[in-house]
Amino acid sequence: MTKASNTFDFAATSLGGAPIEMARYKGKVLLIVNTASKCGFTPQYQGLEALYQQFKDRGVMVLGFPCNQFGSQEPGTANDIGAFCEKNYGVTFPLFAKIDVNGGDAHALFVHLKKEAPGVLGTEAIKWNFTKFLVKKDGTVYKRYAPATAPADLVTDIEALLAE
């Protein structure tokens, strides 16, 4: 396998089961988040949707990747996840099939994101749900944000990347 060097070199499966090439988002700023429906940070779906609505027409995509690796807080099926997000938070941004973000079965996209933007003290492991990665229009990883970072706190960085 060729070594992927850019976020746009990866693919993932949509929540509905369709393959999605990240290359379809070339030229856009991406906010990639590992999500969960039964987490203390789950209300961040509302803030993520607000960011998406605020910036989607200016070239920002929010991409949610459900993950059940932290406290089994995403136990549902794809249909359960989609219905929950739509009903409770009005989520319209793309959601993907449930993945692992750590360990031997970690999705290749998240392996890349973690390598390019390690966490505190250089650790690559994701510590909890709602870890966020901001990706520039050229596909390079700009920054990693902790789960406790509210989506609204990313506005300044998003504005800066849109201005590039």
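**Exercise 1. One side of a helix**

Which residues are buried in helix 1? Work out how they are placed around the axis, and find what they pack against.

*Solution.* A quick note before we start: this is a predicted model.

Step 1. Check the helix itself. Helix 1 covers residues 44-55, and its 12 residues at 1.5 Å a residue should span 16 Å. The end C-alpha atoms are 16 Å apart, so the two agree.

Step 2. Pick out the buried residues of helix 1: they are Gln44, Tyr45, Leu48, Glu49, Leu51, Tyr52 and Phe55.

Step 3. Look down the axis. These residues cover an arc of only 155°, so they sit on the same side of helix 1. The spacing in the sequence makes sense too: an α-helix has 3.6 residues a turn, so residues three or four places apart point the same way.

Step 4. Now see what that side packs against. The buried residues of helix 1 meet strand 3 (29-35), strand 4 (60-66), helix 2 (78-89), strand 5 (132-135) and helix 4 (155-163).

**Exercise 2. A strand with two partners**

Describe the two faces of strand 5, then find how this strand pairs with strand 3 and strand 6.

*Solution.* Step 1. Sort the side chains. From strand 5, Lys132 and Leu134 point one way, while Phe133 and Val135 point the other way. That fits a simple rule: in a regular strand the side chains alternate between the two faces of the sheet.

Step 2. Are these four residues buried or exposed? All of them are buried, whichever way they point.

Step 3. Go to the first partner on our list. Strand 3 and strand 5 are antiparallel and share 4 bridges. Leucine 31, for instance, has leucine 134 of strand 5 as its bridge partner.

Step 4. Move on to strand 6 (residues 141-145). Strand 5 is joined to strand 6 by 4 bridges, again antiparallel, and valine 135 stands opposite valine 141.

Step 5. Follow the chain through the turn. Strand 5 and strand 6 make a hairpin with 5 residues between them, and glycine 139 in the turn has a positive phi of about 95°.

**Exercise 3. Odd backbone angles**

What sign does phi have at serine 72 and at phenylalanine 130, and where do these residues lie?

*Solution.* Step 1. Recall what to expect. Most residues other than glycine have a negative phi.

Step 2. Take serine 72. Its phi is positive, about 50°, although serine 72 is not a glycine. You'll find serine 72 in the loop between strand 4 and helix 2.

Step 3. Take phenylalanine 130. Here phi is also positive, about 70°, and again the residue is not a glycine. Phenylalanine 130 belongs to the loop between helix 3 (108-116) and strand 5.

Step 4. Check the surroundings. With a relative accessible area of 0%, phenylalanine 130 is under the 20% cut-off, so it counts as buried.

**Exercise 4. Into the core**

Which residues touch the most other members of the largest nonpolar core? Then look closely at leucine 30 and isoleucine 32.

*Solution.* Step 1. The core has 49 residues, and those touching the most other members are Met22, Tyr25, Ile32, Leu63, Phe65 and Phe110. Elements giving two or more residues to this core include strand 3, helix 1, strand 4 and helix 3.

Step 2. Zoom in on isoleucine 32. Beyond its sequence neighbours within four places, its contacts include Leu63, Phe65, Phe110 and Phe133.

Step 3. Turn to leucine 30, which is in strand 3. Its relative accessibility is 0%, so leucine 30 is buried. Among the residues leucine 30 touches are Tyr25, Leu63 and Leu134.

Step 4. Compare sequence with space. Leucine 30 and leucine 63 are 33 residues apart in sequence, yet their C-alpha atoms are 7.2 Å apart.

**Exercise 5. Two buried asparagines**

What do the side chains of asparagine 6 and asparagine 102 reach?

*Solution.* Step 1. Place them. Asparagine 6 is in the segment before strand 1 (11-13), whereas asparagine 102 is in the loop between helix 2 and helix 3.

Step 2. Test for burial. Asparagine 6 has 14% relative accessibility, so it counts as buried; asparagine 102, at 15%, is buried as well.

Step 3. Find the polar partners. The side chain of asparagine 6 reaches the backbone oxygen of aspartate 138 at 2.7 Å. Asparagine 102 makes a polar contact of 3.1 Å with lysine 114, side chain to side chain.

Methods
Residues are numbered from 1 along each chain as its sequence is written. This is a predicted model: local features need pLDDT of at least 70, side-chain atom pairs count only at pLDDT 80 or more; totals for chains, interfaces and linings use all residues. Side-chain values use heavy atoms; hydrogens and water are left out. Buried means under 20% relative accessible area, exposed over 50%, partly exposed in between (1.4 Å probe, protein chains only). A polar contact is a pair of N or O atoms within 3.5 Å; within protein, one must be able to donate a hydrogen and the other to accept it, and residues adjacent in sequence count only if both atoms are side-chain atoms. The expected span of a helix is 1.5 Å times one less than its number of residues. The arc is that of the directions from the helix axis to the C-beta atoms. Contact means heavy atoms within 4.5 Å. Two strands pair if DSSP finds at least two bridges between them. A nonpolar core is a set of buried Ala, Val, Leu, Ile, Met, Phe, Trp, Tyr and Cys residues joined through side-chain atoms within 4.5 Å.
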